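Trainee: Before I use any of these labels in a report, I would like to go through them and ask what each one rests on.
Mentor: Then bring them up in turn, and we will set each value against its cut-off.

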Amino acid sequence: MEAEYEKPLPGVTNLNRPYWEGLARHEFRLPHCHGCGHVWYPPAPWCPRCHSRDTGWAALSGRGRVNSWTVVHVTGLRGFRGDVPYNVAEVTLDEGPRLITNLVDIEPGSIRVGLPVEIVYDDVAEELTLARFRPLAAGQ
Amino acid sequence: MTTLELKDRAAVCGVGHSVYGRKLNRSAIDLAADAIGGAAEDAGLAPADIDGLIVSMGTPYGADADTLAQVLGLELKMYSQTWAHGRFAATCIQQAAMVVAAGMANVVACMASLSATGVRPGLSTQRRRRSGGRGPDREAAREGGGGHGQDPVYGIDAPDPGAAMATQAYFERYGATSRDLASVAVSFRRHASLNPAAVRRDPITVEDHQASRLMAAPLRLLDYPQLVDGAACVLVVRADHARNLRKPPVLISGMQPLPAGRDEFIWTYPGFGVAQQARRPYEAGTQPVYRMADMDRSAIDALFTYDGFSFLVWMALERWGFCNPGEAPGFTRDGRIEFDGALPMNTSGGSLSEAHLMGWNQQVEIVRQLRGECGDRQVSGAEVIQWANAYGDSLIYRR
């Protein structure tokens, strides 16, 4: 954990607070619809598929696959300049939604679309945990 | 219920632009006056004739419509403005066509004026200095995430990594490479070399592209646009009005608005399967813009598209059905998209080499091509030109 976390912080609202609070407890949850079963991101006040307001928070598997990825060589973003080059990936969760994230425990040369990954709870600051992902060990 | 018939009801009667360049040290209002004044003169009108203004962008990078009216002394019956991001050139022009067709205003200036690298009053430089660099830009800080896939928490606040990820997905899906993409940059640079207004006029090769530095892999510097200060303006009037003005009218024959939803993502077409899009086979079919214009793709003499990254040219070709998904890398080879090729595209050099003005400089070029004013880069016999974007909006212009 860094003494002073200089990277951007999430914009926490009433809509997404359960997501961030869940991550801080190392629980990976996203909104889901009691009506149609849809799971989605980012959080919304009704189901974006059937528009039902009968929704809740579902615990997810934390597994997915790399849908795409990049390695950022140039950034103007304060807090990340010292990290270049760093990867950014889009992961398709087994439950359907996609998240922007970073992959850990992997070299850029080994990243491929379709790579199976699992969540890593990265406690980057006081009360801030990010959902990063690492390659799923063989056989899992 | 009947629908309002808008085919050929409105026309562009004048175009104008400022100089384009980095760090011009000129205010956005100053640049806007060059574009508006130039467009009025081109049409044989005066600034006093302008009674409508639709501005793309505005604060914090550009001049706002109400400010321009006050400062430049325009007497407007209507104005409107799209928010501080690109992608709205067609939206603005479509609104203008509806406004003049409905008689709500007679001469509507549609424009963008950016002073992105030079004078930008109103932002607290003191605060920016104290922060020791910039935080996430305003677009990236939007609730629900940035419109280009930005998520500053994980290190992306600019549009390019989102474009890079769409590109990487395409590369791995179809076996395309950065070398294939180079041909787009090379072709547009050839156009820019023939355009005195372009900011990058030195020809480049595939090898130059491959040697340019990685920015957000797999995109390289020569896949990126020329971010500049500048302004461009088109004047929209009723078609019958345009026929009495100085230059031949360029009719707006087809219009297709900008779509949004979970199947839309700015860099791709529905079904491509990035961001929250479902992944499914895509068929362009007959897009509404062709039905409105009562013509099909074979009538299109040149295609212009928003090329904020070279990859978007491929997405536009596939979205609008000029080729099937996966075929664009072959389509853009061998100079086929050059002004003397099979399907000329972005003949001014586009965002990649002329100037990145969110497509506004391209509207100017389209009008000039249809009037036959483009000299060494003139598309022979150009009668119909389409503006059609990866993100799904379009205009069909004809002379």
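Trainee: How many salt bridges does a search of the whole structure find?
Mentor: The search finds 23 over all chains. Keep in mind that this is a predicted model, and side-chain atom pairs count only at pLDDT 80 or more.

Trainee: What makes R25(A) and E27(A) a salt bridge?
Mentor: The cut-off is 4 Å between a side-chain nitrogen of Lys or Arg and a carboxyl oxygen of Asp or Glu. R25(A) and E27(A) meet at 3.3 Å, N to O, so the pair satisfies the rule.

Trainee: Are these two residues buried or exposed?
Mentor: Neither, since partly exposed covers the range between 20% and 50% relative accessible area. R25(A) has 47% and E27(A) has 33%, so each is called partly exposed.

Trainee: How do you know that D8(B) and R398(B) form a salt bridge?
Mentor: Their side chains meet at 2.7 Å, N to O, and the limit is 4 Å.

Trainee: Why is this pair said to tie together parts of the chain?
Mentor: D8(B) lies in the segment before β1 of chain B and R398(B) in strand β11 of chain B; these parts are 390 residues apart in sequence, so the pair ties them together. D8(B), at 14% relative accessible area, is buried, whereas R398(B), at 26%, is partly exposed.

Trainee: What links R333(B) and D180(B)?
Mentor: A salt bridge of 3.4 Å, N to O. R333(B) sits in the loop between α11 and α12 of chain B and D180(B) in helix α6, 153 residues apart. At 15%, D180(B) falls under the 20% limit and is buried; R333(B), at 38%, is partly exposed.

Trainee: Which residues are linked in a network of salt bridges?
Mentor: D42(B), K247(B), R371(B) and E373(B).

Trainee: How many salt bridges does the rule find across the interface of chain A and chain B?
Mentor: Zero. There are, however, 18 residue pairs in polar contact between the two chains.

Trainee: Which elements of chain A give two or more residues to the side that touches chain B?
Mentor: They are β3, β4, β5 and β7 of chain A. β3(A) gives the most, with six residues. By class, that side has 24 nonpolar, nine polar and six charged residues.

Trainee: How many residues are in contact between the chains, and how much area do they bury?
Mentor: On the contact count, 39 residues of chain A meet 33 residues of chain B. The two chains bury about 2900 Å² between them, 54% of it on carbon and sulfur atoms. L77(A), R98(A) and I100(A) lose the most area on the chain A side, together 20% of what that side buries.

Trainee: What makes β3(A) and β5(B) a strand pair?
Mentor: DSSP has to find at least two bridges between the strands. β3(A) and β5(B) have two, in the antiparallel sense, so they meet the requirement. In β5(B), A216(B) is the bridge partner of V72(A).

Trainee: Why is β8(B) called largely enclosed?
Mentor: Seven of its seven residues are buried, so the rest of the structure largely encloses the strand. β8(B) pairs antiparallel with β11(B) over five bridges, where I252(B) stands opposite Y397(B). Three bridges also join β1(B) to β8(B), again antiparallel.

Trainee: How many residues of β11(B) are buried?
Mentor: Four of its five, so "mostly covered" is the term used. β10(B) pairs with β11(B) in the antiparallel sense over five bridges, and the two form a hairpin with five residues between them. In the turn, G392(B) has a positive phi of about 105 degrees.

Trainee: What makes L130(A) a buried residue?
Mentor: Its relative accessible area is 0%, and buried means under 20%. L130(A) lies in strand β7 of chain A, and its contacts include W20(A), V124(A), V153(B) and Y154(B).

Trainee: Why does S212(B) count as buried?
Mentor: S212(B) has 10% relative accessibility, so it also falls under the 20% limit. This residue lies in the loop between α7 and β5 of chain B, in contact with R220(B), L221(B) and L222(B).

Terms used:
Residues numbered from 1 in each chain as written. Chains lettered and ligands numbered in written order. Predicted model: local features only at pLDDT ≥ 70, side-chain atom pairs only at ≥ 80, totals over all residues. Heavy atoms only, no water. Contact = heavy atoms within 4.5 Å. Buried area = accessible area lost by both parts, 1.4 Å probe. Polar contact = N/O pair within 3.5 Å; in protein donor to acceptor, adjacent residues only side chain to side chain. Nonpolar A, V, L, I, M, F, W, Y, C, P; charged D, E, K, R; others polar. Buried < 20%, exposed > 50% of the residue type's maximum accessible area, 1.4 Å probe, protein only. Lists of a residue's contacts leave out its neighbours within four places in sequence.
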